[in-house]
Amino acid sequence: MPELLIAAFWLWVAGLALALLGATQVSRWAIVLGAAAGIWGALSALPQGGGELSLPLTLYDQAVRLHFSPEALWLMAFGLIPGALAAALCTPLRARRRGWLAGSALSFLGALGVFGLQDGYSFLIAWELMSLGGAVMLLAEHTSLETGRSTLYMLALLEVGAVAILLALLLLAQGAAGSLGFGGFTAGGAHLSAGMRGFVGVLLLVGFGAKLGLLPFYEWFPGAYASGSGASGALLSGVVLNAAFFALSRGLIDWLPASAPGLLGLGVLVTVIGVLSSILAVLFAFQQDDWRRLLSFSSAENAAIAVTSLGASLIFRGDGRSDLAGLAWTVAILHLSGHALAKGGLFLAADGVFAAGGGYRLAQHGWLRTTSLLFGIGALFATMSLAALPPQIGFATEWFTFQTVFQGFHLVSLGGRLTLALAGAGLAITAAVALATFVKAFGIGLLGDGREARSAPIGWGYNAAVLLLGLAVLATAVGLPVWLRGLDTADVVRFGTHAAREMSSGWLLVPLTDRFAFISPSKLVIAMPLLAIIPLLLLLNARRHAVRRAPVWYGGLREDPQRSATTTLTFANAMRTFYSFIYRPTLDTAREHRAVSYFIRRLQFEHDIADVFGPILFAPVRRAVWRISGRLRALQSGDLNFYLALLGILLIVILALTLR
Amino acid sequence: MAFRILCNALQAIVALALSPLIGGVLSRLKEIVQSKRGPSVLQPYRDLWKLFHKDEVVSDQSSWIFRATPYVVFVTPLFVVLLIPVLTSYPLFLAFMADMVGAGFILALGGFFACLGAVDPANPYGPMGASRTRMVGFLAEPVFVIVFFTVSFVAGSTIPYIVQAQWTRSAGSFLAPAHVLLIAAFLMLILAEAGRIPVDNPTGHFELAMIDESKGLEYSGRGAALMKWGGHMKLMVLMCVFLNVLVTPWGLAARQQLAAVLLAIPLVALKILALILVLVVIESSLSKLRLFRITEFLGAAFITCVAAMIARTFAA
Amino acid sequence: MSHLPSLLAALNALAGGLFLLSAFAMVATRQTRGCLALFIYQSLLLAASAFLLAGEYGSAHLAGVGVVNLISKPIVVPLILRRTLSSEIYTRREIEQALNIPTSLTIALALAVLAYFLAIPILQSVAPQFRSANVPIGFAGLLLGAYTLSVRREAVPMLIGILAMENGAFFAGIALSRELPLIVELAIASDGLILVFVAGVLVRTIQRRLGSTRVGELAALREAQAPGAGRPA
């Protein structure tokens, strides 16, 4: 029932209005209902894709039409699941719910538009609405002192992207006889010259990459995410990230022609950017000491992995292998959908810890030991998925990504082969660092000694939400051979091959052929617990030996466990030292003491790592803006004659333009 | 069908029973090379027996992750044994669950839990070991993936049985430059993953110098036994992959007869013994590297296998 | 590859793989003695490849090249070095480098890729069964040798870098021309030996003057002799 999507639209509009009016409880449930309607509507329409829907709105005397392709529905459903739960739990900052709800409703509305709208004007409005919604959420929550600055940073970079998108849309419309309807863009792309086509591709990459956190744009992620709660994070890296990826994939795959010279080069560029972004993002994720910052970098990493697959798809397509192109494209979609679930789970887990009084800093307080088993299982499953461990969905999609780039040896072009081979190496590094990152997130954030710094247990709402998302991660993996059929139509329309159907063979997941490789999360789930019977049998005779619980042995010393607890820095310092040429770490120790230096009164230790692009790319731009504004200050000198002269010049300009 | 299930069981039993022996033989031979007598080759079995009959002491600050970890660490290598050719050159009943890349991820699952188990009980040495293991692992795990990436270029598959069949069929690609580099990289990977010299000293007793061992310091009794046994099996799995898939793909049972499968056991044992001798030479002639030199060692392994991949890319 | 390669070609490919491995190891190793050992292995592999190619092509010249190589590099070069240099140089464990090892290895990898690219146009003149081995790997050896030469700050490893470059050039060359006149190879081999001898004497002088062979520290030219710096050798 695709009409439910229209219902979702109205529910979100209502939610927005109610939030602005101050009826937070009603607004919250309206938004949640809207998200639920969205999920149900998207899933029910899935195999075929949604029909034509229209909103009773007009824009430039045209009815606003919505049309959802299968992959849009798929990505939206997976993005809305954590979104709905995040909206249901709402931001943990009670006093700031009103603004947050308004922002989230805006984000949902914008995402719906990005997924469904079919012409350039309304698309850009929806895109801006989505960015604005994110900014409103973060500004409303205002969890850090730097919220304003980092939100502005985010908006500035997103605007750079929006300008690029606008330019790309105009160029494509030029080819399509001036119409901004997306229906004509495929023809428009075909009309462009080869150089122009490449330029449009780069513009799209920059525009949507700003939201996806590609190189160099991922640097707005940590600051912005850390200004809000985990609920905002779940929205931003769920439905919003998915929408941005959908838009990028539509631009690169649908609008640019399937086989044209130069597209191979664009594919190589997209792949290289994807791989480099994923490596850098994950390296920085590993160094974070805040739940939200760590998870945000990881979102950028996962988006970059999906973009790498997208680039592989372009390369395969440029080489005339549409079956493999279909595989790569499907893998990219799958990767982001699994990521949305798992990431949402961890963001909500972080919110649970925060709401229970733990704060967002990663520190060992033994949360897992003292909360419900359900929370632990959900968080563990989500973590495993993000660390690409079997049998979770993250494992299946990461494996598929590897298998996709492995297929590079089918390529005729040496450049494409080499690119994919090196991309495989880069992705392997990314996967290994991601594993380390999530060992750190789970180990430091949820385990360890928990004798102090505890106020309340984690609430049941968070327990249930985290468990639900964890189980969803597992269920997506186990049933993947079945779910995959939902993407088959999309592949047929786009690539003319049944890639999604050929990605499973029975209960095996295969990269189009089971002679090359296979895995089966479904069978793993059954076989692994069965094997665990062996160690359990071995222990049967040892039943009579008791288990004694005792404090940890510190080599005979009486240590305070909290003082000797592992911090994020101790865990990450080995890598920080080794990779100092990327991190460029700074250490600063200030000692304050009385007359004799032995008696230290205060010891202040600061450590940080430097951004890669901030100082090189963005700081000069900022300085240039300052300099220009310094020059422009002369304009407001207060001198009346100067103003009058300006008016005179303006008059001349106007006359010259109109009388020409 | 029944025969294949029997073979599967046999494979698992061989891994369970023989894997502690590898450690025993290795340390005995090393001691002999160093003009010492050393413990009996059966010492690992005695250790396991002893540990299974001890009480268990668990940190009062640990959660269920700590208790579950030994089972995962024990089961994951055993599971991989079912997927790879240990005795037979044809796939067995349970082999259709994952290919080599999948098997790499399954081994990583064991490593993930071992790290969590080390961080859990609030012992300061465990997290240090976990952090160091990750530092070693972030270059070692890619090596595993890239080796099979390159193999897939040659054999057109990442399924171990197909790869093994491909090597036995054509000596030409077996001796290709890429293959030599692959073998070198994988040998370095084994040294790193199994915590052998020059990456780690398995016989060291100083917590601050430990990498792999310190993760298991908090385990006692049955938990420690399962962890140790899992470690033995992991080494055996890596050796089997190295020998039966990459270096010497011969000597496996090709026919579906029990006699052939049983005959394969001593042959495989012989191959493993040869590899142990190589390890003894390496361990006795090199010294342990400083911590930050380890990443150089693994960086060399990584670059070697990427070079293999590139050589292969151009040759294809 | 259209036809099945012969055993000789397969073995030659194996030698090629080991040759490339030794070139990489030479970039990674930190010890003078290790460098020298690797150079000897590499020269042995070069000789082996020459013999194998001689067998495949039936060319006596290539066999001669192999013999000259077998005598000059693995035996005579170390002998000369040992005669001219003091043992202190050999026992030094750590060689100073301008770049650290991981960076070096990454650059080495990029150079290897470059070598493979450079080799593509020449490959047409090589018999198909040797295409995967000699020419690209020889080029890689050449480039890696040049790289070692440029980043090392010690005289002896730099010298070995020059010799490794020569090895790489020969490794590629023996596959390109079957009828390499023996006299050329003899001339080059003797040239190499003279080079080693001269460089050895030079290094000894540097060591006597400076107390070390860290030529990376030789950064400034000096007109006048500093007092008490000793007599020139």
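This section describes the chains of a predicted model, the contacts between them, and selected local features of the backbone.

The predicted complex scores ipTM 0.94 and pTM 0.90. Two pairs of chains touch, and the pair formed by chains A and B has the most contacts. Chains A and C, in contrast, do not touch, and their nearest C-alpha atoms are 9 Å apart.

Chain A comprises 27 helices and seven strands. Its C-alpha atoms occupy a box of roughly 100 × 75 × 55 Å along the principal axes. The radius of gyration of chain A is 26 Å, which agrees with the value near 26 Å for a compact globule of 660 residues. Of these 660 residues, 57% are buried. Among the contacts in chain A with a separation of 6 or more, 78% involve residues 24 or more positions apart.

In chain A, strand β6 (residues 586-593) pairs with strand β7 (residues 600-608) in the antiparallel sense, over eight bridges. A hairpin of six residues joins β6(A) to β7(A), and within this pairing Ala590(A) stands opposite Gln604(A). Strand β6(A) is hardly covered, for the count of buried residues among its eight residues is zero. The loop between α25 (580-583) and β6 of chain A contains Arg584(A). This arginine is not a glycine, yet Arg584(A) has a positive phi of about 45°. Arg584(A) counts as partly exposed, with 14 C-beta neighbours inside 10 Å.

A second positive phi, near 75°, occurs at Leu512(A), likewise a residue other than glycine. Leu512(A) is placed in the loop between β4 (508-509) and α22 (521-531) of chain A. Unlike a partly exposed residue, Leu512(A) is buried, with 20 other C-beta atoms within 10 Å. Most residues other than glycine have a negative phi, and most peptide bonds are trans. The peptide bond from Leu215(A) to Pro216(A) is cis, with omega near -5°. Pro216(A) lies in the loop that separates α8 (194-212) from α9 (220-225) of chain A.

A cis peptide bond is also found in chain B, from Ile197(B) to Pro198(B), with omega near 10°. Pro198(B) belongs to the loop between α8 (177-193) and α9 of chain B. The helix that follows this loop, α9(B), has 27 residues and spans 38 Å from its first C-alpha to its last, close to the 39 Å expected at 1.5 Å a residue. Helix α9(B) is mostly covered, with 27 of its 27 residues buried.

At the interface of chains A and B, 68 residues of chain B are in contact with 69 residues of chain A. On the side of chain B that touches chain A, two or more residues come from each of β1 (56-59), α3 (64-83), α4 (100-119), α5 (125-155), α9 (221-247) and α11 (291-315) of chain B. The largest share, 15 residues, is supplied by α5(B). By class, this side of chain B divides into 43 nonpolar, 15 polar and ten charged residues. Strand pairing also links the two chains: strand β5 (residues 547-550) of chain A and β1(B) pair in the parallel sense over four bridges. Val57(B), in β1(B), stands opposite Arg548(A).

The contact between chains B and C takes 21 residues from chain B and 26 residues from chain C. Helices α1 (7-28), α5 (101-119) and α6 (134-151) of chain C each supply at least two residues of the side that touches chain B. Helix α1(C) gives the most, with eleven residues. This side of chain C has 22 nonpolar, four polar and no charged residues.

Chain C has eight helices and zero strands. Of its 233 residues, 45% count as buried. Among contacts in chain C between residues at least 6 apart in sequence, 77% join residues at least 24 apart. The mean pLDDT of chain C is 77, and 76% of its residues reach 70 or more. Confidence in chain C is highest in helix α2 (residues 32-57), at a mean of 88, and lowest in helix α4 (residues 87-91), at 67. Over residues 227-233 of chain C the pLDDT is below 50, and this stretch has five contacts in the model beyond near neighbours in sequence. Where pLDDT is low, the predicted coordinates should not be read in detail.

How values were computed: Residues numbered from 1 in each chain as written. Chains lettered and ligands numbered in written order. Predicted model: local features only at pLDDT ≥ 70, side-chain atom pairs only at ≥ 80, totals over all residues. Contact = placed C-beta atoms within 7 Å. Nonpolar A, V, L, I, M, F, W, Y, C, P; charged D, E, K, R; others polar. Pairing = 2+ DSSP bridges. Buried ≥ 20, exposed ≤ 12 C-beta atoms within 10 Å, placed from the backbone. Expected span 1.5 Å × (residues − 1). pLDDT = per-residue confidence, 0-100. Rg over C-alpha atoms; globule rule 2.2 N^0.38 Å.
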